[in-house]
Amino acid sequence: MNKLITMIIATVLLLASCKKYLDEKSDKSLVVPATLQDVQALLDNYSTMNATYPYIGSQGDDDFYVTDTYFNTLSVTNQDNYIWSKDAENKNEWTYMYRAVMAANLALETLDKITPTSATISDWNRLKGSALFFRAYAFYQLAQYYALPYNKATAAQKLGIPLRLSTDVNELSVRSSLENTWQQIVSDLRMAVQLLPAQNTEVYHPSKAAAFGALARTYLAMEDYVQAGNYADSCLQLNSSLMDYNSLNAAASNPFTRWNTEVIFSSVCLGASMLSVNNWKCDSLLYQSYDQNDLRKTCFFKANSGGVYGFKGNYDGTTSSSFFNGIATDEMYLIKAECQARNNNVTEAMNALNDLLTTRWRATTFVRLTASDADQALRIILTERRKELVLRSTRWFDLRRLNKDVRFAKTLTRKISGQLYTLPPDDNRYTHYIPFNVIAITGMQQNER
Amino acid sequence: MCQKISVNARVINEENEPLAAATVIIKNTGRSFATDANGNFTIKEIKFTDTLIVSAVGYLPETVIVSRIPRPESVFNIILKHASKLLNEVIVNTGYQQMAKERATGSFEKIDNGLLNRSVSTDIISRLDGVTNGLFFSKVDAAPSLFLRGLSTLRSGTQPLIVVDNFPYEGDISNINPNDVESITVLRDAAASSIWGARSGNGVIVITTKKSRYNQPARLSVNDNITVSQKPPLFHDPGFMSAASFIEVEKYLFDKGYYDNQLPYPMYYVLSPVVEILLKQRSGQLSPAQADDMITSLSKHDVRNDYLEYLYRSAALKQTSLSLSGGNATINYILNIGYDKNLNSIIGNAGDRFTVYSLSSFKPLPGLEVQAAVNYAWSKSVNDGIGSIIPGGGKSAIYPYARLADDNGNALAVEKDYRLSYIDTTGGSLLLDWKYKPLDEINLADNHTVGQDITARLSLKYRINDFLTAEAQAQYERADQSAHNYFSQQTYAARSLINLYSQVTGNTITRNIPLGGILDQTNGLLSAYSLRAQVSADKKWNNKNAINAVAGFETRQLQNNFQLIQLYGYDDNLLTFANVDYISSFPLYGNRGSASVPDQTDLSQSLDRYVSAYVNAAYSYKETYTISASARKDASNIFGVNTNQKWVPLWSAGAAWKLSNESFYHISWLPFLKLRLSYGYNGNINSSLSALSTIQYYPAGSPTNLPYAALRNAPNPDLRWEKIAMKNIGIDFATANNRINGSLEFYFKKATDLLSPAPLDPTTGVTQLVMNAANLAGRGADIKLNALVIDNTIKWNATLLFSYVTNKVTRYLLQTGNKGNYPGTGYSISPIEGKDPYALISYKWAGLDPQTGDPIGFVSGVQSKNYSGIVATDSWDDLVVKGTTRPPLFGNLLNTFSWKRFSISANISYRFHYYFRRNTIMYSSLFSSWIGNSDYDKRWQAPGDEKNTSVPSMVYPANSNRDRFYAFSEATVEKGDLVRLQDINISWTIEKLKIKNVTVKNLQLYSYISNLGIIWKANKAGIDPDYGGSIPPPKSFSFGIKAEL
């Protein structure tokens, strides 16, 4: 009888400690992420975390055109993106960005289970900051393609993107409000700023400077020009180095090197042959807007036969069509300049711009630009912004943002085989469809297009 | 007269246990009394002439004449015998409790000892074949698989849970000696099996081992038998392609120049002797006449003769079992020892098994019973034989005129991996001999597996009061198995690998695999424990109400370790081995590129843990109405954390109504009629999946040059068991005197949450995941009829089993590629929404082109000879679904005739309404891989042939899409229906035989003949469809003796 009672007690105790008993893995060779090393390895997955960003915007912007012949060889999706078709569906980009979100969430959940010691706290912080950065960085891309442009007045009523903050695949994906989407990006990045080291030896690892840069981009998209300017400045305080284009070999097939001194955080888009040096033809007005002494004219562009120009200035240093869309100091100078201008600090705005442009012009030829008022300064800065950030994925985001301002609103046009296509400012087609299978499975609301 | 007296007595069972709540009725007055906790009862006033009827649940009623009861004070015991001894009173075992089938609400199928011993086999499970209603044995794969009431899963195991006594048996079930088994209960519906929870989805087979009894004199019994089987009927293979036809094709291909591209690559392409002769003729080494002579003499050989002479023999199996049992008032025991020796039909393959089974019970204190059981099995199997010769070098089958030995019986070399004429001479004398002589290999081989399995169980049972019993049980099982495959340097495997990794430069040879043998040593270790604490209640009151309930907790762990070690340069005598460079890549001999040394070494470990709680209760009123309910909750480390936390049990409910007990029931010819109804859920698990997020490491890559990890398995905290809901309606009946009895059961199954790959919302970060996503529906009927047709000096007993079952996939989310991929053999599960999972899908057939003999199919509903288009079609219009390869109708008819001491029984099995695909000629496989088929002889050769044949013409070059289209078209579908004489058992029994001083209580001589063949079949192709295109097993004959002392 005593034995029996003992056994019953033992069983009950066992059930009480059941959770731990059942936590044991069923297959010993399964690598369940549990260590800082595992988290590091997850975030070091370059192809998932750094190299699958969308090129959709670059296919729809006004910096280029393609020939009719080439257009006809394109896949339906690429054609649709080029002519801003109502039917365009870009589903891989969604999948890839949320794959990065999943990895970041898995990293965060793994870190939650690890109690850092005094010896590991700095690594723990850096990894947590990195995971938050990556998540926000992916959310930013998704918000820029799959949600309406941010407008403070209406953001709380409009739909944003689904904010997946856990790895549980059974959790139903629900669209957050546009306001919450951008607030999540801001809060993830702000926390990352607290945790990340000022700079990293490897620019494909997130750093505090990168988080500042991402915050500057985020606030720019939210049209909060005070914050955007401050964060661009914070970023530049950690790294303000600029390349002198005079030292580059403009004749090279790509004059730039991977992870060059201007790169603060390295990421690249998926490859798109439409954007390759032979197929992407620079808008002639844009090309002509570069002065003969502007070294970007030769460093960025390759003359193709027929008097057309392709883009060879990929900041990722390769000749592939996977273009750099990471954070670099030149973009920070431009954000700083734009925000100063918008905040009526004309002198500082022009100083920031001139500091950048000096390095872009043939030595001794550059005459510092001036502006009589904030409006003129802004116009100059935005023109230079477009000229500096060719194929950096920023133009599409700028169009979304600037279309709201009548001074900069622009109707885009394309002509294919005599057929004219237009994209007026603020058109619904600036926002892409959420992939149809996502709508089918989750029942979330589709975008209007 | 009429003197009133008082009576004191005690009611006990044969184990000396007092029976509480037994009913004592005075026959004349109908007054009833109940016994107390100690089984005692007292009747104050009773007539001396009265009669008492004493009864208790599970026991035979006993009639006691009052005058026989001694008076006054001495305790008189009334012993009730177990009801199980009564004909028709069937006691079923769920593994948690035993109950009378008559009072159950669930669907139980009991196979008693007599039926189990009708057949002879080393394993217990195959003895269920043909005698278990609703259980289908599929033999289309090498190892038979069991399906109880059809299919309940798509990707998880289909085998029913096998329970030995009270716990699932985790080891190899072939370790259980059938002689140790008393009976088997098959739990078919939810009310019967859902107590087994998450592992019961495929049904449960409960094996009850033999037990002894208290107060039983010592008993010794012997069972000894020998089984002899014929050699496999190789000549009955209707698909065998003759040597003449094969050579005809070889000559045809030779003339077409088919082999010319292969000549420069002797290390890639094996050539047959005929092709070598033709080459010599072409180069002038042989005259046409010489070549013709040589080829003619080759064509006279049939490799099957050599197979039967050198590779096969008559199989023999010898089985001996000894059993000793007995018991006194407080202790009982049984000890069984068994030894089996098996010589397989493949020469060089054999097996031995030694088993010990022991179970003892004793009662150290009143109310307490301790039971200890040990089951030990040792087995060894030797696998040195060669069942069939696979040449390799691109060839999957041997050419039909191959010779394994010369006229004097000396082993001959057969083409293997590389061209024989090349390896004969290459490398000078530096390489090891590179020839493959199958007959030598049998003698050189040293492959054996030794296994041991020990299962020990201890249980304590304490009777708390007259209706409550507490029980605690623990079981530990440990099984190890080690496979020793040693390839000495003389074996082809070792010589060939050493040669392949050799480099010859001039007169020197470098060996990157050292000389010596190769050892593949596999070690598996299984250890499992189970602990259970259970309380059961059994109470009857007011003579009308009875309750029977169990509740308990259980925890189980199963751990599997596996290691494979490979050693080169190994010497089995000295246990020495050489170190090998596994990293570097070495050039392979004969310009075969380069590769690193094969390294098979592998380690793995798995661990399954379960924590469960269960309850099962039944309440009966007036023995007429019974309701039952059960619930079980399992938690496991293979489920997701959410699943473990949710308190959602698998449950069942059932009701039974014994109509024949009702006062309004007046059908005299049908004195027993009972209706049963049950509904509930069972689960099925798949421990190969993980609910946890797992990652996989990758080596450093561009551009970061850092090792990294990627998600391998997305976390699925909701991962759970597959859920099978089953509704069961049953009718049990018996005619007067039980001449005809039986049951009819109808069931409806709905399996949901089946694990299957499903597309996921990409927002989750994962696009596809194996998850609980598919559904399957099934329904069917199981009918069983027993009839005592003649009850005279000659007795004729007939049992008819009839089952009907269909399955349909009702939800399957993953879209595969083209529908043109669906046609196949139909033997593996192919989930397509709305179809049977074993549907036989074919390309639509439009006959042969009368001009060319080309097969014609359909593309988008239009007749076509665009074969790549046909096999890649994506339209159901171009396909035909013809039934299923699983017979929806199947069953057996078992007739037993007995006359005096003789008894003969024959089991006839039948399977109807199913289809199968016969093998046919595929020219591309014939040309490149030597896979022939006798359909070659039936091929279209001239216009007009299309009227008599569907076999397409031979074209050169062969078109594999054309071949695939024909082979998987409607034209190769055959009806499977058949009736088979499964086996015959003949026995001669004598009771009480006195030989000198020894009394033999029971002596039986028996014979068992199985695989007797097909009585009737629908297909005219001469194929036994139940063996999936392979040759059916030969007839086997067993003779045995059973004696009990």
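In this predicted model, B:Arg10 stands opposite B:Asn40, a residue of strand E4 of chain B. That pairing belongs to the contact between strand E1 of chain B, residues 4-13, and E4(B), two strands that run antiparallel and are joined by 6 bridges. Together with a further strand they make up an open sheet of 3 strands in chain B, ordered E4-E1-E7, in which the pairing is mixed. Strand E4 (40-47) and strand E7 (76-80) of chain B lie at the edges of this sheet, and each has a single partner strand, so one side of each is left without a neighbour in the sheet. On average, neighbouring strands of this sheet are turned by 40 degrees against each other, when direction is ignored.

Further along chain B, another set of strands can be followed through strand E18, which covers residues 316-327. Strand E17 of chain B, residues 216-229, pairs with E18(B) in the antiparallel sense over 11 bridges, and within this pairing B:Val228 stands opposite B:Ala316 of E18(B). E18(B) also runs antiparallel to strand E19 of chain B, residues 331-343, to which 12 bridges join it; here B:Leu317 has B:Asn342 in E19(B) as its bridge partner. The connection from E18(B) to E19(B) is a hairpin of 3 residues. Strands of a sheet pair through backbone hydrogen bonds, in either the parallel or the antiparallel sense.

The two faces of E18(B) differ in whether they are covered: B:Leu317, B:Gln319, B:Ser321, B:Ser323, B:Ser325 and B:Gly327 form the covered face, whereas B:Ala316, B:Lys318, B:Thr320, B:Leu322, B:Leu324 and B:Gly326 form the uncovered one.

One residue of the neighbouring strand E17 of chain B, B:Gln216, shows how distant parts of the sequence meet here. B:Gln216 and B:Gly327 are separated by 111 residues in sequence, yet their C-alpha atoms are 4.9 Å apart in space. Leaving aside residues up to four places away in sequence, B:Gln216 touches B:Gly326, B:Gly327 and B:Asn332. Is B:Gln216 buried or exposed? It counts as partly exposed, because it has 16 C-beta neighbours inside 10 Å, and a residue needs 20 or more to be buried.

Turning to chain A, one finds 19 helices and 10 strands. The radius of gyration of chain A is 24 Å, close to the 22 Å that the globule rule gives for 449 residues, so chain A is as compact as a globular protein of that length. Its C-alpha trace spans about 100 × 50 × 45 Å along the principal axes, and 47% of its 449 residues count as buried. Among the contacts in chain A with a separation of 6 or more, 69% are between residues 24 or more positions apart.

Within chain A, helix H9 (residues 121-146) packs with helix H11 (residues 208-221) at an angle of about 25 degrees, their axes being 11 Å apart. Because angles under 35 degrees count as roughly parallel, H9(A) and H11(A) are roughly parallel to each other, and their crossing is left-handed. From H9(A), A:Phe133, A:Ala136, A:Tyr137, A:Tyr140 and A:Gln144 meet residues of H11(A) that include A:Ala210, A:Ala214 and A:Arg217.

Finally, the two chains meet where 51 residues of chain A are in contact with 51 residues of chain B. On the side of chain A, the elements that give two or more residues include helix H1 (2-16), helix H3 (36-43) and helix H19 (436-442), while H8(A) provides the largest share, 8 residues.

Note on methods: Residues are numbered from 1 along each chain as its sequence is written. Chains are lettered from A and ligands numbered from 1 in the order in which they are written. This is a predicted model: local features need pLDDT of at least 70, side-chain atom pairs count only at pLDDT 80 or more; totals for chains, interfaces and linings use all residues. A residue is buried if 20 or more other C-beta atoms lie within 10 Å of its own, exposed if 12 or fewer, and partly exposed in between; C-beta atoms are placed from the backbone. Helices (H or I, at least four residues) and strands (E, at least two) are DSSP runs, numbered from the N terminus. Two strands pair if DSSP finds at least two bridges between them. The radius of gyration is taken over C-alpha atoms; the globule rule is 2.2 Å times the number of residues to the power 0.38. Two residues are in contact if their C-beta atoms, placed from the backbone, lie within 7 Å. Axes are lines fitted to C-alpha atoms, for helices over the stretch in contact, and angles run from 0 to 180 degrees between N-to-C directions. Angles under 35 degrees count as roughly parallel, over 145 as roughly antiparallel, 65 to 115 as roughly perpendicular and the rest as oblique. A crossing is left-handed if the near helix is turned anticlockwise from the far one by less than a right angle, and right-handed if clockwise.
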